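Biologist: Hey, can you walk me through this one? I'm new to reading models.

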Amino acid sequence: MRAVVAVLLFVTTVHAAMWGVFREKQEAPDFKGILPSVSYAPFEGTAHPDVDNIPNAEKIRADMKKLAGLTRAIRLYSSTGGVELVPPIAAEFGLKVTVGAWIDKNVDRNEREIDAAINLVKRNSNVIGVVVGNETVYRGEQKVDDLIGLVKRVKKSVNVPVTTGEIWNIWRDNPELASSVDFIAAHILPYWENFTDKQAVDQAVYIYGMLRDKFPGKRVVIAEFGWPSAGYNLKNADPGPFEQASVLRNFVTRAEAIGMEYNIVEAIDQPWKFFEGGVGPYWGILNAAREPKFAWTGPIVNENYWKLAILALLVGVLMSLPILRLTEATVMQSLMLSAAANGIGAWTATVFAYWTGHYFVFGSAFALTLGLILLVPLVLIAMARIEEIAAIGFGRNPRRLLVKGQAQQQLQEQRQEQLQEQLQEQLQEQLQAPAAAGTEAYPKVSIHVPAYFEPPEMLKQTLDAVSRLDYPNFECVVIINNTPDPEFWQPIQDHCRALGERFKFINAEKVEGFKAGALRIAMERTAADAEIVGIIDADYVVQPDWLKDLVPVFADPRVGLVQAPQDHRDGNRSLMHYIMNGEYAGFFDIGMVQRNEANAIIVHGTMCLMRRAAMDMAGGWAGDTICEDTDLGLAIIEQGWLTHYTNHRYGHGLLPDTYEAFKKQRHRWAYGGFQIVKKHWRRFLPGASRLSPDQRREFALGWLNWLGAESLGVLVAILNLIWVPIVAFADIAIPDKILTLPIIASFVVSLVHFMVLYRLRVPVKWGQMLGAMVAAMSVQWTVSRAVANGLITEHLAFARTSKGGFSLMSVEFQAFWEAVIGILLLIGAAVLVVTNNQKEVREIYVFAAVLVLESLPFLSAVAIAILENSRINAFSFWRRTAVRTLELIGLRPVAMPTVAGPSQPVASEIHREAS
């Protein structure tokens, strides 16, 4: 424990040190003067001024009081809609005003604006100029000649300088416009021209000099210069609080030194300008709360930096506390978990900073909130997988796993630690009793084999294997249900008679409750003295030592069930079956082994031994789910019984015949799993069952990690697909640090989790492991559909998994919807990349990458569906290809037929040699 605490303190210290090391601090010239002019709009919130954002005098007065200490003058852009209140209030605080008349295509509005601007000049002595129109020519809303006419009209009516505000190149390219105004009001915004923050000031000074040279003797005013404090990059131009502070402080210093007249855009952030791309709301030197964004003197720093650091550290510490509950956690295990916890803390601080530093309209707030809600379970899933990597890679070896040949010794050691001396002696006597003592030392086992339209020859192999069990005291109950065709049940009935009195045959028709209904009937025909019930599927060939090795575990009266893994004997049937088999193995060699440490295994029916008393206490087989085995197993655990697991293969079944059957089986498992969640969730509440906290945690995380992860993956992919046109065509990008990057990080965690744990626990080759990864991803859509079905339905019909050659290949293409969604995701990514070529917004490229990653599970299903019906699915194809390749590169001689002779091999021998 001391070592773990020391590790947590060490990681927290390193985390704090990293915040210190990476604290950004920039130097810039100090500016201790007062700005000559700033742009001002008296609007608040996200509502558009043309709709319902009408300012009032008190708010304007508060703004003027704040701005009076920062600037000598303000520039307005309109003279109606409440803006006409500004000049007289500004006069109260000694502020000069440059009045603006908003000009667009609306002739009536233009008239109102011009009349209002003229009246403001006449009524307010603090008005020092009029700007008729703002980038009107640039927006294409007025022709140069028409705008000149409006300017001349205003000039005749006022006695202050009149101009129009345009981007600098409009002035350069239209000298007649410059001739018609009293002074040039040029807008220089280097951000929109893709200049970096380091180039911005030089660019502005250069253009200012160019305009003065082009129009000698003409007064030139930089009517707009600024830099946004947030939003998205535009090619090389990066917005940000440090960039804004540095650009503005450098600019005003240079401008003052050369005597430049200028106006800073703008005084206060304008959240309603969300339609001006991601940076629209963030040009103010004050935020929307009227607080300064940066200091004009001293180093440029983030004033809230240490608050964020403290938040990150607190979250990291809180998320690290569960590590203290781990049993015998190792130093490296604790280090990895604590580092991940602190990483979540840093992400939380980033989310908080983004949320408090940005403005949101309803749509963006809803999208961000929804995204964060979906990310919470995604982060929990990633953390659970990191914990599993740490436990398997750096934690202690499994303690409760039953190892073949050591099971009895393991149980004795465990009981010596947990049971009283009397119980220890009793177990010792039972385990050490000689075989010659007869069946008293062997509890009777009743093996139940349910079957439904199973191929008779396959089922015969299963029964023959049962008959060879090296255990003296067992019976076998074979129940064929709802299978009226005698071709399926008659050969089995005859075979049971041939195998002897141990084998009981039942042919039950009109059985309700799916497989559970059949097993209830089998229980009714079970021998009264049978203490243990074994369940095997109709396709499983068991090893002779199955019962001999595992039944002694029940000598501990607390043990309710013992589970052995599934495995398959037809993994080399095709390439598809080969990767399927590898995918199944991961669950039984990784997940089940870890869950067993918390006494929280998942019962999966076949190769399972259950104490009859435990089954009765749990209520027996229930027919209200289609995963009756998992349901009963959880009920037994809820009653407080111990469970044990071995990963030794004591039996081998058959893989699903087709990809269609594979997906139907997974759909049944997922749907049944969701039924179990709905049935049992109340028993996970405190005091509702005998489940321990670790057991509750294992089952909850297990469901979240499987049903939740797959469903979330599909839901997020579809939502992102819907978001593509908004991102591509509405100039709205995704905030990478808090939404898209965590998705990528979660994918990387899942990838590392799969590969590392497979290499550590699953004895498969690299090729099979990668194929297993494809197979695992390919059922994401299937599992999510099952969860969706579970949300809207209570019951679905039990679907038998086709095995034993019952079906040769899928009837139709089995990945249609996966293909549709996968292709749409790729098209969406391509659309984002193409439409982003002019802007090169990094967040959009990241979003496109996310779409490509999200397409992989869907395309995996497409790949397997195509593989199933192709020549490359056959191993013979690869063997022939290997031979031909060796022959082509000269590493294997080509067998060429020659003229027949007495010793010439026949064609069949040549073929055998080539093979």
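**Charges, bonds and contacts**

Biologist: Is Arg-871 buried or exposed?

Modeller: Arg-871 is exposed, with 67% relative accessible area. Buried means under 20%, exposed means over 50%, and partly exposed is in between, using a 1.4 Å probe and protein chains only.

Biologist: Before we go on, how do I read these numbers?

Modeller: This is a predicted model, where local features need pLDDT of at least 70 and side-chain atom pairs count only at pLDDT 80 or more, while totals for chains, interfaces and linings use all residues. Residues are numbered from 1 along each chain as its sequence is written, and side-chain values use heavy atoms, with hydrogens and water left out.

Biologist: OK, so where does Arg-871 sit?

Modeller: Arg-871 is in the loop between helix H28 (842–868) and helix H29 (875–888). Helices (H or I, at least four residues) and strands (E, at least two) are DSSP runs, numbered from the N terminus.

Biologist: Which residues join Arg-871 in a patch of positive charge?

Modeller: Arg-879, Arg-880 and Arg-884 gather with Arg-871 on the surface. Patch members have over 30% relative accessible area and no salt bridge; like charges are joined within 9 Å, and nonpolar side chains (Val, Leu, Ile, Met, Phe, Trp, Tyr) within 5 Å. Lys and Arg count as positive, Asp and Glu as negative, and His and the chain ends are not counted. A charge is placed at NZ of Lys, CZ of Arg, CG of Asp or CD of Glu.

Biologist: And which residues make a nonpolar patch?

Modeller: Phe-10, Val-14, Met-18, Val-21 and Phe-22 do, with about 520 Å² of accessible area together. Areas like that come from the Shrake-Rupley method with a 1.4 Å probe, and for residues only the protein chains shown count as cover. Phe-10 belongs to helix H1 (residues 2–21).

Biologist: New topic! How many salt bridges are there?

Modeller: The structure holds 43. A salt bridge here is a side-chain nitrogen of Lys or Arg within 4 Å of a carboxyl oxygen of Asp or Glu.

Biologist: Why would they pair at all?

Modeller: Side chains of opposite charge can pair when their charged atoms come close.

Biologist: Got one to show me?

Modeller: Sure: Arg-290 and Asp-63 meet in a salt bridge at 2.8 Å, N to O. That pair links distant parts of the chain, 227 residues apart, with Arg-290 in the loop between E8 and H10 and Asp-63 in helix H2 (residues 57–67). Arg-290 counts as buried because its relative accessible area is 10%, and Asp-63 is buried too, at 4%.

Biologist: Which residues are linked with Asp-63 and Arg-290 in a network?

Modeller: Glu-44 and Lys-59 are, through salt bridges.

Biologist: One more pair, please.

Modeller: Asp-631 forms a salt bridge with Lys-679, with the closest N and O atoms 2.7 Å apart. Asp-631 is in helix H21 (residues 628–638) and Lys-679 in helix H22 (residues 659–680), 48 residues apart. Asp-631 is buried at 3%, whereas Lys-679 is partly exposed at 27%.

Biologist: What does Lys-663 contact, leaving aside its neighbours within four places in sequence?

Modeller: Lys-663 touches Thr-782, Gln-814, Ala-815 and Glu-818, where contact means heavy atoms within 4.5 Å. Lys-663 is in helix H22 and is buried, at 9%.

Biologist: And Cys-476, buried or exposed?

Modeller: Cys-476 is buried, with a relative accessible area of 0%. Strand E10 (residues 474–481) is where Cys-476 sits. Leaving aside neighbours within four places in sequence, its contacts include Ile-447, Val-449 and Phe-503.

Biologist: Last thing: any odd backbone spots?

Modeller: Most residues other than glycine have a negative phi, and most peptide bonds are trans. Here, the bond from Val-265 to Glu-266 is cis, with omega near 0 degrees. Glu-266 is in the loop between strand E8 (261–264) and helix H10 (305–320). Asn-194 has a positive phi of about 70 degrees though it is not a glycine. Asn-194 lies in the loop between strand E6 (184–187) and helix H8 (197–214) and is partly exposed, at 23%.
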